[in-house]
Amino acid sequence: MKPILELFPEEFPGEGYRKAQIAHWVFARGVLDFAEMTDLPKGLREALVREWRVSEFQLVEAYPSKDGSVKYLFTLLDGKKTEAVYMPYQNRKTVCLSSMVGCPAGCTFCATGALGFGRNLTAAEILSQLLAIAHHQGLSPREIRNVVLMGMGEPLLNLTNVLKAIRVMLHPKALAMSPRRITLSTVGIPRGILRLAEEDVGVRLALSLHAPDDETRRKIIPTAHRYPIAEIMAAVRRYYERTKRRVTFEYTLLKGLNDHLWQARLLAKLLKGISAHVNLIPFNPWENAPVEGTPKAGILAFAEELRRLGVPTSIRWSRGRDVGAACGQLALKAPKALTFTPLLEDAGQ
């Protein structure tokens, strides 16, 4: 069977307006079973069931947190696993999606890094995460208006598939999302940042910097040996010059490593001349992690120093900590699921 989510709506099977009907069932109504698309001719429905699939998963497991977020562990059709998180807020619904199975970056603070690299996800597998979450939450996929590609993997090392998935999210007959509500996070791949600037799909860029100096960054992120901060920042500045979009800098605070006030001052100096916002992230601990998180007082002091120097700064307190919602924690050592949902057998698999 072929993955229908690899297609744009105008490429869907069927003649004429049937393509738009199928797209509406998939993206607006979130139906994963072709047999339920009742306004399609019976012959077309039967052909769709035989030849196409909507879901890319053989198993979906959900881990609800007491804060309202839900971590999802997906078993792909080849048996590999990836993750996503649903985060409901008062005025918006956000999903954090993965772009890979595992990750090659190997950041010391990240549970995904401990998994190593499995493979890239296809565009269909990236989109299928959002559709599966919407289905299990009883939502239309179009009710999810915020996407962050901050889950498993390095999106800029899978940029062809990521961009295709994003273009389907933006397509007016698919998810019809605003590009300003999609954020792509990278550990810092200069050629990928430059390509993203050239493609200019309108999404937001977030750079996982985690240290303002190369010596510290190399201790945290193995790929920093290949890409020094000066090269990454040169690409970021070219991105900003071309797009004029604010860049978010993600910074996970680790005790005794990157949480000194001199590093806050160096970070502020590094960001001069571009529109930037710093997200400080408390470390979400996982079993046998080789690092510790900065205590709350240290996080607040680091934030205050950045703000004193004129850098817009926020602290992104973790959600879903009680169910291991940090990327990779479920795939690394999955706890018992609070809810368990097998893949629907009628979803064309």
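In the predicted model, Phe-12 touches Ile-4, Leu-7, Lys-19, Ile-22, Ala-23 and Phe-27, residues up to four places away in sequence being left out of the count. Phe-12 lies in the loop that runs between strand 1 (2-3) and helix 1 (18-28). With a relative accessibility of 0%, Phe-12 counts as buried, because the cut-off for a buried residue is under 20% relative accessible area. One of the contact partners, Ile-22, is ten residues from Phe-12 along the chain, and the C-alpha atoms of the two are separated by 7.5 Å.

The protein as a whole has eleven helices and 15 strands. Of its 349 residues, 56% are buried. Among contacts between residues at least 6 apart in sequence, 67% join residues that are at least 24 apart.

Strand 5 (residues 81-88) and strand 6 (residues 93-96) run antiparallel and are joined by four bridges. The connection between strand 5 and strand 6 is a hairpin of four residues. Pro-88 has Lys-93 of strand 6 as its bridge partner. Strand 5 also holds Glu-83, which is buried at a relative accessible area of 2%. Glu-83 and Cys-327 are covered by the annotation "active site" in UniProt, where the entry is unreviewed.

Strand 6 has a further pairing, with strand 9 (residues 146-149); here the two strands run parallel and three bridges join them. Within this pairing, the bridge partner of Thr-94 is Asn-146 in strand 9. The loop between helix 4 (123-137) and strand 9 contains Glu-143. Glu-143 is partly exposed, with a relative accessibility of 38%. Glu-143 and Met-177 are 34 residues apart in sequence, and their C-alpha atoms are 9.7 Å apart in space.

Ala-176 is found in the loop between helix 5 (159-170) and strand 10 (182-186). Its relative accessible area is 32%, so Ala-176 is partly exposed. The phi of Ala-176 is near 50°, a positive value in a residue other than glycine. Most residues other than glycine have a negative phi. A positive phi, of about 70°, is likewise found at His-210, which is not a glycine. His-210 lies in the loop between strand 11 and helix 7 (214-220). At 4% relative accessibility, His-210 counts as buried.

Strand 10 and strand 11 pair in the parallel sense, and the pairing comprises four bridges. In this pairing Ser-185 is bridged to Ala-206 of strand 11. Strand 11 is mostly covered, four of its five residues being buried. Ser-208 belongs to strand 11 (residues 204-208) and is buried, its relative accessible area being 12%. With residues up to four places away in sequence not counted, Ser-208 touches Ser-185, Thr-186, Val-187, Arg-217, Ile-221 and Glu-250. Both Ser-185 and Ser-208 carry the UniProt feature "binding site", taken from an unreviewed entry. That feature is also placed at Gly-153, Glu-154, Leu-209, His-210 and Asn-284.

Two packed helices are described by the angle between their axes and the distance between the axes. For helix 6 (residues 190-199) and helix 8 (residues 229-243), the angle is about 5° and the axes are 9 Å apart. Helix 6 is therefore roughly parallel to helix 8, because angles under 35 degrees count as roughly parallel. On the side of helix 6, the contact involves Pro-190, Ile-193, Leu-194, Leu-196, Ala-197 and Glu-198. These residues meet Glu-231, Ile-232, Ala-235, Val-236, Arg-238, Tyr-239, Arg-242 and Thr-243 in helix 8. By residue class, the contact of helix 6 with helix 8 divides into nine nonpolar, one polar and four charged residues.

Definitions and conventions. Residues numbered from 1 in each chain as written. Predicted model: local features only at pLDDT ≥ 70, side-chain atom pairs only at ≥ 80, totals over all residues. Heavy atoms only, no water. Pairing = 2+ DSSP bridges. Axes fitted to C-alpha atoms, helices over the stretch in contact; angles between N-to-C directions. Parallel < 35°, antiparallel > 145°, perpendicular 65-115°, else oblique. Contact = heavy atoms within 4.5 Å. Nonpolar A, V, L, I, M, F, W, Y, C, P; charged D, E, K, R; others polar. UniProt positions renumbered as here; feature names shortened; annotations may be inferred. Buried < 20%, exposed > 50% of the residue type's maximum accessible area, 1.4 Å probe, protein only.
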